[in-house]
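Here is a walk through one model, starting at its ligand and working outwards. Have the sequence and the structure open as you read.

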Amino acid sequence: MRLTIDNVSKTFGSRRALIGIDSEMTPGVYGILGANGSGKTTLMRILAGVMKPSSGCVRLDGQPIDRLNERYRERIGYLPQHAGLYDGFSAEKFLSYIAALKGLSKAETPRKVDEALELVGLRDYRKQKVGSFSGGMKRRVGIAQALLNDPDILIVDEPTAGLDPKERIRFRNLLSRISDDRIVLLSTHIVSDIELIANEIVVLKEGRLLAKETPLQLLRSLERRVWSAVVDEPDMIRLQSGYKVGSIVRVENRFRLRLIGDSKPHEAAVPETPSLEDLYLSIFDEEGDASCGC
Ligand SMILES: Nc1ncnc2c1ncn2[C@@H]1O[C@H](COP(=O)(O)OP(=O)(O)OP(=O)(O)O)[C@@H](O)[C@H]1O
């Protein structure tokens, strides 16, 4: 199975949300990483077939998805950013309702609902009302509905927004577990959501695709460029204006800085092993949200 994005652009009036995106995906987990407004949702919606590109084409195994139409949609599971759930329904009833909307037969629905609940670890809670669930459990119900038709391609848009760290880890593991033989696309602006599970990371910035590489390959671009240094206040201020500074920790009356620079930024600086947080900082520092959700 091969999903091909061929020179896809999308404009809203004069705003260019996506600019000439080219990419190819085979089964695995793909993390779509970008700051707010970088085009993640637009790309996800185009790949889910609910929005058309202004130009360019998406193909599944060589066939344009708008020509495949219903045959494509049958192979997609999509969890939008703001998925609506029916709080008054039990998990089981809600999923049965979605199964009917997706056209699953009455005969197969109970088994499919049961399998989906089992996969997301909610079988024991199937009779409970969705409204009583935690944020993480609700997100898992969202994944369960996207999995009902056993999709080959699963698209989840910012699924961890608003979840606490424990729920985020659980959710991450769930996505990793269900990725066998599927293309799983997960958008986020939180590096830790994807660094452990993504086979490849697709970096979007201002509508352009900056990179599509394995986490290791991405980190290689930062080798010998990440430093830490314990400095006094005047040096801290100087370094902050000349370098991309990730973290500042007070150490008695001095400061430990983690920063990015092509050459040694300070006589006290020592090299550090790069992390994807550093990569995010190096790409998106102007948005100032490199550490969001940590
Ligand atoms: N329906 C729309 N009409 C007009 N502009 C839009 C529309 N949808 C998206 N945009 C614009 O396109 C750009 C990309 O938006 P998009 O929602 O795809 O980004 P994003 O990376 O998903 O951001 P976020 O993380 O905030 O959801 C933004 O500048 C946004 O304002």
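By class, the shell around the ligand breaks down into two nonpolar, eight polar and two charged residues. Keep in mind that this is a predicted model. The residues around the ligand are Phe12, Arg15, Ala17, Gly34, Asn36, Gly37, Ser38, Gly39, Lys40, Thr41, Thr42 and His189. Which elements supply at least two residues of that shell each? Strand E2 (15-25) and helix H1 (40-47) do, and H1 gives the most, with three residues.

Phe12, one of the shell residues, has its place in strand E1. It counts as exposed, because just 9 C-beta neighbours lie inside 10 Å, and 12 or fewer is the cut-off for that label. Follow the chain 136 residues from Phe12 and you get to Leu148, with 33 Å between the two C-alpha atoms.

**The chain as a whole**

Stepping back, the chain has 11 helices and 14 strands. Its C-alpha atoms fill a box of roughly 70 × 45 × 35 Å along the principal axes. Of its 294 residues, 40% count as buried. Looking at contacts with a separation of 6 or more, 69% are between residues 24 or more positions apart.

The chain is divided into domain 1 (3-216) and domain 2 (224-273), and the centres of the two, taken over C-alpha atoms, are 38 Å apart. The UniProt record, an unreviewed entry, carries the annotation "domain: ABC transporter" for residues 3-231. Over residues 3-231 the chain is 32% helix and 30% strand, with 49 Å between the end C-alpha atoms.

**The nonpolar core**

Now for the inside. The largest nonpolar core has 79 residues, and the members that touch the most others are Leu95, Ala144, Ile155 and Leu185. Helix H11 (residues 276-284) gives the most to this core, with six residues. Where does the core sit relative to the two domains? Domain 1 (3-216) and domain 2 (224-273) both give residues to the core, so it lies between them. As a general backdrop, nonpolar side chains tend to be buried together in soluble globular proteins.

Two of those well-connected members deserve a closer look. Ala144 belongs to helix H6 (residues 135-147). Is Ala144 buried or exposed? It is buried, because 27 other C-beta atoms lie within 10 Å, and 20 or more is what the label takes. Leaving out residues up to four places away in sequence, Ala144 touches Leu95, Ala116, Leu117, Leu119, Val120 and Leu122. Leu95 is thus a contact of Ala144 and is also listed with it among the members that touch the most others.

Ile155 has its own set of contacts: not counting residues up to four places away in sequence, it touches Met44, Leu47, Ala48, Ile76, Tyr78 and Leu185.

Helix H5 (residues 109-119) is also home to Asp114. With 14 C-beta neighbours inside 10 Å, Asp114 counts as partly exposed.

Here are some C-alpha separations to check on screen:

| Pair | Apart along the chain | C-alpha separation |
|---|---|---|
| Ala144 and Pro234 | 90 residues | 54 Å |
| Asp114 and Asp152 | 38 residues | 19 Å |
| Phe12 and Leu148 | 136 residues | 33 Å |

**Two backbone oddities**

Most residues other than glycine have a negative phi. Which way does Asn7 go, positive or negative? Asn7 has a positive phi of about 50°, although it is not a glycine. Asn7 is placed in strand E1 (residues 3-12), the strand that also holds Phe12. With 12 C-beta neighbours inside 10 Å, Asn7 counts as exposed, because the label covers 12 or fewer.

Glu206 is not a glycine either, and it too has a positive phi of about 50°. Where is Glu206 found? Glu206 lies in the loop between strand E9 (200-205) and strand E10 (208-213). As for its surroundings, Glu206 is partly exposed, with 14 other C-beta atoms within 10 Å.

Key: Residues numbered from 1 in each chain as written. Predicted model: local features only at pLDDT ≥ 70, side-chain atom pairs only at ≥ 80, totals over all residues. Near = placed C-beta within 6 Å. Helix = DSSP H or I, 4+ residues; strand = E, 2+ residues; numbered from the N terminus. Nonpolar A, V, L, I, M, F, W, Y, C, P; charged D, E, K, R; others polar. Contact = placed C-beta atoms within 7 Å. UniProt positions renumbered as here; feature names shortened; annotations may be inferred. Domains from an automatic or database assignment. Core = buried A, V, L, I, M, F, W, Y, C linked by C-beta atoms within 7 Å.
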